[in-house]
Amino acid sequence: MSRVGYGTCPECGDVPGHMVDEGIGPYEFWGAKGVHHDWIPECDLCGETMTEFEEGPFDA
Ligand SMILES: [Zn+2]
């Protein structure tokens, strides 16, 4: 599953982007299990972190 949308890239301006999960994923801490997610919007063109982002379904 991909999360895509539109946003503002500091390098490219208003361009399409996608969310990337930079979380650490599954973890266990003193027997407590969890999954850490840290979703960050990234430019489709240069990979820079976007300053504005709006997730869309654009494939409808
Ligand atoms: Zn860019």
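Which residue stands opposite G17 in strand 5? In the predicted model examined here, local features require a pLDDT of at least 70 and side-chain atom pairs count only at pLDDT 80 or more, whereas totals for chains, interfaces and linings use all residues. Residues are numbered from 1 along each chain as its sequence is written.

The residue opposite G17 is C43 of strand 5. Strands (E, at least two residues) are DSSP runs, numbered from the N terminus, and two of them are taken to pair if DSSP finds at least two bridges between them. Strand 2 (residues 13-21) and strand 5 run antiparallel and are joined by five bridges. Both belong to an open sheet of four strands, ordered 5-2-1-6, with antiparallel pairing. Strand 5 (39-43) and strand 6 (52-55) occupy the edges with a single partner strand each, so one side of each is left without a neighbour in the sheet. On average, neighbouring strands of this sheet are turned by 35 degrees against each other, direction ignored, the axes being lines fitted to C-alpha atoms and angles running from 0 to 180 degrees between N-to-C directions.

A further antiparallel pairing links strand 3 (residues 25-29) to strand 4 through five bridges. Within this pairing, P26 has V35 of strand 4 as its bridge partner, and Y27 stands opposite G34. The two strands form a hairpin with two residues between them, in which W30 adopts a positive phi near 50 degrees.

Burial was assigned from C-beta atoms placed from the backbone: a residue is buried if 20 or more other C-beta atoms lie within 10 Å of its own, exposed if 12 or fewer, and partly exposed in between. Of the five residues of strand 3, zero are buried, so this strand lies largely in the open. For strand 4 (residues 32-36), the number buried among its five residues is zero, so strand 4 lies largely in the open.
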